[in-house]
Amino acid sequence: MNTLAIDIGGTKFSIAVFEDDRMVERATRATDREGGRDWMLAQIRAIAGQWRERRRLDRCGIGFGGPVNFPDQRVALSTHVGGWQDFPLVEWVREELGLPAVMDNDANVGALGEAVYGAGAGFDPLFYMTLSTGIGGGIIIGGEIYRGADSYAGEIGHLTVRPDGPQCLCGAYGCLERMCAGIWMEPDHGRPAHELMKDPEFVRRYVVDLALGLKACIMLLNPARIVIGGGISKAGDALFVPLRAELRRQITAWSRARIDVVPAALGDDSVLYGALALARKA
Ligand SMILES: [Zn+2]
């Protein structure tokens, strides 16, 4: 069974083919903000078309970088790229590529990828956070994505951690995403994220806000493990060692909830593997 997997993010999109569980094709392109949705769809059509000349495609799984209405299988919106509002992406794949498809937001799909194929395997309940251009979260309970009543569960990026903080793209002030996401690090601190992560003094302050967000997750869910993916998580021990120490400091004294926080095992491919797992479940 061959699965086309698509990961549509804020700054890039990736597309892959899996033969059963094995990735056999993969391509990544930077997002052309000017071209918006139509440019990206044309790219997907072209790449999938080329791959099709080599092998049959049977089905498609999609992780989309923005809120998704799961029951209706429509994109709700993208805060980073124009033209996606209320777009029936799954219907487009069915009509343009002739494939049955299933879609969820990229944090939920990344969570499923790490739960089935990555650092979350054997840890349930699992919380996955993507720490990248933005911040998203996904919850896995009993091996399934927990979406909540309206498909909006897991949105850790918009927990308020600094009520007096700067305004977030969502309109609120001091959201976890506003304080810790990649898109804000250079404007706020004058250096790109990968440089800031090499500065222990900066990281010591940074993990205070990051831990405020994750503390809420630990106190509410008591997850067996928290997996963090996305570009900033590639800082490794420089980030994770101070983060664990800060969480230990912040978690309520009597709580025996474990603090098991690790980087994603699938690197840039958590969402692609998750799209495979989602398509297999559908
Ligand atoms: Zn916000």
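In this predicted model, the largest nonpolar core comprises 76 residues, and those with the most contacts inside it are Ala5, Ile6, Ala111, Leu112 and Ala275. Helix H9 (residues 270-281) contributes the largest share of this core, namely 8 residues. The core also draws on both parts of the chain, since at least three of its residues come from each of domain 1 (2-106 + 269-281) and domain 2 (119-265). Leu112, one of the residues with the most contacts inside the core, touches Ile140, Ile145, Gly274, Ala277 and Leu278 when residues up to four places away in sequence are not counted.

The division of the chain and the contact between its parts can be set out as follows.

| Domain | Residue range | Residues in the contact |
|---|---|---|
| domain 1 | 2-106 + 269-281 | 12 residues |
| domain 2 | 119-265 | 11 residues |

The C-alpha centres of domain 1 and domain 2 are 25 Å apart. On the side of domain 1 that touches domain 2, strand S5 (68-69) and strand S7 (101-105) each supply at least two residues, and the residues of that side divide into 3 nonpolar, 7 polar and 2 charged.

Asp72 lies in the loop between S5 and strand S6 (74-75). Asp72 counts as exposed because 12 other C-beta atoms lie within 10 Å, and the limit for an exposed residue is 12 or fewer. Although Asp72 and Met103 are separated by 31 residues in sequence, their C-alpha atoms are 9.9 Å apart in space.

Methods
Residues are numbered from 1 along each chain as its sequence is written. This is a predicted model: local features need pLDDT of at least 70, side-chain atom pairs count only at pLDDT 80 or more; totals for chains, interfaces and linings use all residues. A nonpolar core is a set of buried Ala, Val, Leu, Ile, Met, Phe, Trp, Tyr and Cys residues joined through C-beta atoms within 7 Å. A residue is buried if 20 or more other C-beta atoms lie within 10 Å of its own, exposed if 12 or fewer, and partly exposed in between; C-beta atoms are placed from the backbone. Helices (H or I, at least four residues) and strands (E, at least two) are DSSP runs, numbered from the N terminus. Domain bounds come from an automatic or database domain assignment. Two residues are in contact if their C-beta atoms, placed from the backbone, lie within 7 Å. Ala, Val, Leu, Ile, Met, Phe, Trp, Tyr, Cys and Pro count as nonpolar, Asp, Glu, Lys and Arg as charged, and the others, Gly among them, as polar.
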